[in-house]
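Trainee: I've got a new model to look at and want to get my bearings before going back to the bench. Can you walk me through it?

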Amino acid sequence: MKKPKNPPRDTAADKQAKIEAKRQYEAKKLEYKREKMRLKQERIQQKNKIAQERRIRRQAVYTKISAKLKNKKAGFDYKNFGLIPRVELAVKGDKTSAVTRLSASGIDVTDVKFFGGETLFKIRKKDLKKGVAILSEMCYTHRINATFGMNKRFAFFAARMGLIVGAALSVASLNILYGYIWRVNISGNSNLSVAAIESTLKRAGISPGSKKANSLTTYAAEVLGGMDGISDASCEIKGTTLYVHVLETTESTHIDRYSEFTSGYDATVTRIIMRSGTALVKRGDVVKRGDVLANGDMFSTAGELLYSGDCDCEIYGDVAITVSAQIPLSAVEYRRTGRTKQKTVYTLFGRNIGKASSPYKTYEVRSHTSRYDVLVPLYATTYTYHETAAVEYERDIEQAAEDFAKSKIASMGFEGEFDYSYSVEQAVPGLFAVHLFITGETVISIGRTAESNQNTEK
């Protein structure tokens with residue numbers, strides 16, 4: 001086995017290249033650290049600058065507030081009403097030196113007078129020791145006279161008496177208002193309107209403004225339980241709101257009863273669905289309009305008439321009808337002119353404040369109601385009136401004929417597939433005749449009562 005050769009040693013040039021590469025790497029690393037530090041310093045400076053600007057703005061606001069709240073000689077403040085305790089001093093000496101020195105020391109000097117060789121003025125009671133020390137330092141002869149104003153604590157409460165009384169009245173008002181119902185919330189209704197339920201409650205004496213009582217919920221539930229269309233009701237009071245949940249009846253109180261069914265079209269019978277009574281036609285029969293299709297007669301297996309009762313059925317048939325209509329070329333459409341007016345009506349305790357009426361002869365109106373019933377049942381309804389004007393235009397006859405065909409087909413109530421076609425021709429200048437031909441399956445049976453049968457026979 002051969003001994004491996006030793007790897008070649010680095011030359012002086014290779015060593016120098018490695019040293020240079022390492023030096024460049026260290027230089028780039030140092031430059032990266034310096035750049036990172038510089039960016040960090042810039043961010044700190046930017047934050048300090050923003051903070052300084054905020055401090056300046058805050059200081060400006062504080063200065064304005066301090067100027068407004070400063071105890072000036074004029075305005076609605078303590079001084080004018082003698083609330084802050086003040087002491088009158090009598091000083092012998094130069095007329096203005098004592099006042100100037102005290103003012104320069106931050107002492108508020110007021111009511112300066114010159115009488116009998118003395119300078120009379122008032123300072124706050126809390127500044128008395130400081131003022132006496134300054135006058136003694138100036139070697140001025142001074143005398144302390146009477147004290148004016150109220151006790152400091154009493155002055156504090158007296159100055160805020162309006163706020164205290166207002167807060168007390170607000171609390172009392174809230175307690176009084178909390179004892180009444182200011183809002184009625186109705187849920188569970190789908191067929192009956194909220195207005196109908198509210199009207200029933202109002203007739204029973206339950207409405208916004210009613211006083212809360214333990215028996216109010218039971219009474220309201222009994223009132224609504226006897227209302228047509230409601231099988232049961234539950235009521236609950238939360239805060240100043242009466243929550244009402246109703247359960248509507250599922251059965252309809254009105255039932256149509258027919259003695260017979262006649263055909264409304266010339267048709268070929270396709271389907272017969274009998275619930276009660278006897279069918280007088282069968283599938284495939286051709287009937288004319290007015291033919292009797294079924295009645296309430298019931299027969300025995302021997303063919304004897306047992307009794308005549310109500311008839312209930314649905315009979316379908318294939319019909320082919322032609323409908324004609326005349327469509328004028330010109331039509332009138334009401335379009336907005338761009339002029340609008342808004343009016344707001346407020347509702348408080350169920351009564352309207354203001355009246356909404358349109359300033360335009362023809363208009364479109366939209367309304368939006370905002371509720372402000374946190375404490376009292378206040379609603380604001382804003383009505384926006386858009387003025388409209390009649391504009392005569394020439395309609396697309398083909399489109400008008402298509403719209404007429406679709407509306408007629410929709411009113412027919414066709415079942416399954418049907419076919420239709422129409423033609424348009426000018427009858428006279430400005431007037432077009434549309435002829436619509438429809439074929440398909442639809443309900444042809446029309447119920448008739450015994451009374452209508454008698455009237456027909458007469």
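Mentor: First, the vocabulary: helices (H or I, at least four residues) and strands (E, at least two) are DSSP runs, numbered from the N terminus. This is a predicted model, where local features need pLDDT of at least 70 and side-chain atom pairs pLDDT 80 or more, while totals for chains, interfaces and linings use all residues. Residues are numbered from 1 along each chain as its sequence is written, and side-chain values use heavy atoms, without hydrogens or water.

Trainee: Okay, which strand holds Asp 111?

Mentor: Asp 111 has a phi near 50 degrees, a positive value in a residue other than glycine. For background, most residues other than glycine have a negative phi. Asp 111 is partly exposed at 42% relative accessible area (between the cut-offs of under 20% for buried and over 50% for exposed, with a 1.4 Å probe and protein chains only). Its place is in residues 110-115, which is strand S2.

Trainee: Zooming out, how many helices and strands are there in the chain?

Mentor: The chain has 458 residues, and 26% of them count as buried. Take contacts (heavy atoms within 4.5 Å) between residues at least 6 apart in sequence: 65% of these join residues at least 24 apart. As for the elements, the chain has 10 helices and 22 strands.

Trainee: What do the buried residues of H8 pack against?

Mentor: Helix H8 spans residues 216-225, and its buried residues are Leu 216, Thr 217, Ala 220, Ala 221, Val 223 and Leu 224. They sit on the same side of H8, because they cover an arc of only 160 degrees around the axis (taken from the directions from the helix axis to the C-beta atoms). That buried set packs against helix H7 (194-203), strand S6 (230-238) and strand S7 (241-248).

Trainee: S6 and S7 again, then. Which glycine takes a positive phi in their hairpin?

Mentor: S6 and S7 run antiparallel and are joined by eight bridges (two strands pair if DSSP finds at least two). One of the matched positions is Glu 236, whose bridge partner in S7 is Tyr 243. The hairpin leaves two residues between the strands, and the glycine with a positive phi, near 65 degrees, is Gly 239.

Trainee: What is the bridge partner of Val 184 in S7?

Mentor: Strands of a sheet can pair either parallel or antiparallel. Strand S5 (residues 183-187) pairs with S7 in the parallel sense, over five bridges. Within S7, Val 184 is matched with Leu 242.

Trainee: There's also an open sheet of four strands. Which strands stand at its edges?

Mentor: The order is S10-S12-S8-S22, with antiparallel pairing. Each edge strand has a single partner, so one side of each is left without a neighbour in the sheet; these are S10 (278-279) and S22 (445-448).

Trainee: And how is Thr 270 set up: which side chain joins its own in a polar contact?

Mentor: Thr 270 is in strand S9 (residues 267-276) and is buried, at 13% relative accessible area. Beyond its neighbours within four places in sequence, its contacts are Arg 283, Tyr 316, Gly 317, Asp 318 and Glu 441. A polar atom of its side chain lies 3.5 Å from the backbone nitrogen of Gly 317. The side-chain polar contact (N or O atoms within 3.5 Å, one able to donate a hydrogen and the other to accept it; residues adjacent in sequence count only through side-chain atoms) is 2.6 Å long, and the partner is Glu 441.

Trainee: On to aromatics. Is the pair of Tyr 258 and Phe 261 stacked or edge-to-face?

Mentor: The structure holds four aromatic pairs (Phe, Tyr or Trp rings, the six-membered one for Trp, with centres within 6.5 Å; planes under 30 degrees apart are stacked, over 60 edge-to-face, the rest tilted). Here the centres are 5.4 Å apart and the planes at 65 degrees, so the pair is edge-to-face.

Trainee: Which residue lies over the face of Tyr 316?

Mentor: A charge sits over a ring if NZ of Lys or CZ of Arg is within 6 Å of the ring centre and within 35 degrees of the ring normal. At 4.0 Å from the ring centre of Tyr 316, the residue is Arg 271.
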